[in-house]
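Visitor: Hi, could you walk me through this structure? I'm new to this, so plain sentences would help.
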Amino acid sequence: MQLILERVLNDKQLRNVRQTLAGARFVDGRLSAGHDAGRVKNNEELAASRQVLELLNSTVMAALNEHEAYRAGALPLRAASPIFARYAPGMRYGDHVDDPVMGAPGPLYRSDVSVTVFLSEPDEYDGGELVVNSAFGQNRVKLPAGDAVVYPSSSLHHVAEVSRGERLVAITWIQSLIRDPARRELLYTLYRAKESLLASSPDSEEAREINTAYVNLIRMWGEV
């Protein structure tokens with residue numbers, strides 16, 4: 001399932017993040033890549049003090065955690081600190097699948113869900129689309145600043161070459177309560193139906209039954 005999250009960052013949060021990144025130092029993104037990803041990765045990643053990183057991380061992750069569609073779609077159990085990446089003209093990230101286990105040398109976690117938060121407006125750069133392969137073909141994603149896209153970490157994906165301007169994004173990875181992407185998609189569909197019923201007919205038998213089914217499916221499939 002690919003899920004678009006609108007307005008993850010509000011105008012003030014986005015402005016503060018962009019102002020911080022404008023004066024920051026970036027280094028070769030291949031320094032954080034594994035052997036396979038390093039062959040196709042050509043971008044830059046933020047190299048900042050611990051204080052600056054913690055401020056940026058808390059802004060982005062707090063905003064994500066407050067977003068209802070993110071919580072319902074990703075069902076997060078653990079989340080990585082975001083990486084802030086920059087793409088200048090000529091930079092791209094070729095086809096790759098995200099590492100299945102991340103976090104070394106600290107606590108390890110499984111990457112089930114990838115999240116890209118767009119920090120540059122679409123008209124500020126040419127190219128730079130996130131291209132995610134699915135059973136139905138390629139999905140090309142280029143969103144307004146402050147919006148985000150959620151997709152399975154197991155998806156083959158790439159970032160198209162930037163030909164003008166600067167592409168700034170924040171990227172994080174989630175270990176979900178629900179490992180299987182098909183089950184996560186089913187639960188998200190059920191969640192939306194449940195919320196609609198609870199809003200329109202909160203005391204109905206149908207609302208009670210669908211809420212019970214949703215809760216017990218998470219209990220049945222969840223891993224903690």
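Guide: We can take the chain as a whole and then turn to a pair of helices, keeping in mind that this is a predicted model.

Visitor: OK, how many helices and strands does the protein chain have?
Guide: The protein chain has six helices, and alongside these there are 17 strands.

Visitor: And what is the radius of gyration of the protein chain?
Guide: The protein chain has 18 Å, and because a compact globule with 224 residues would have a radius of gyration near 17 Å, the value agrees with that expectation. Along its principal axes, the C-alpha trace spans about 55 × 35 × 35 Å.

Visitor: What share of the residues is buried?
Guide: Of the 224 residues in the protein chain, 45% are buried. As for contacts with a separation of 6 or more, 77% of them are accounted for by residues 24 or more positions apart.

Visitor: Switching to helices, at what angle do H5 and H6 cross?
Guide: Helix H5, residues 181-200, and helix H6, residues 205-221, have axes that cross at roughly 155° and come within 9 Å. Since angles over 145 degrees count as roughly antiparallel, H5 and H6 are therefore roughly antiparallel to each other.

Visitor: Is that crossing left-handed or right-handed?
Guide: The crossing of H5 and H6 is left-handed.

Visitor: Which residues make the contact?
Guide: On H5 they include Leu186, Leu190, Tyr191 and Leu197, while on H6 they include Ile210, Tyr214, Leu217 and Trp221.

Visitor: And how do the residues of that contact divide by type?
Guide: In the contact of H5 with H6, 14 residues are nonpolar, one is polar and three are charged.

Key
Residues numbered from 1 in each chain as written. Predicted model: local features only at pLDDT ≥ 70, side-chain atom pairs only at ≥ 80, totals over all residues. Heavy atoms only, no water. Axes fitted to C-alpha atoms, helices over the stretch in contact; angles between N-to-C directions. Helix = DSSP H or I, 4+ residues; strand = E, 2+ residues; numbered from the N terminus. Parallel < 35°, antiparallel > 145°, perpendicular 65-115°, else oblique. Left-handed = near helix turned anticlockwise from the far one by under 90°. Contact = heavy atoms within 4.5 Å. Nonpolar A, V, L, I, M, F, W, Y, C, P; charged D, E, K, R; others polar. Rg over C-alpha atoms; globule rule 2.2 N^0.38 Å. Buried < 20%, exposed > 50% of the residue type's maximum accessible area, 1.4 Å probe, protein only.
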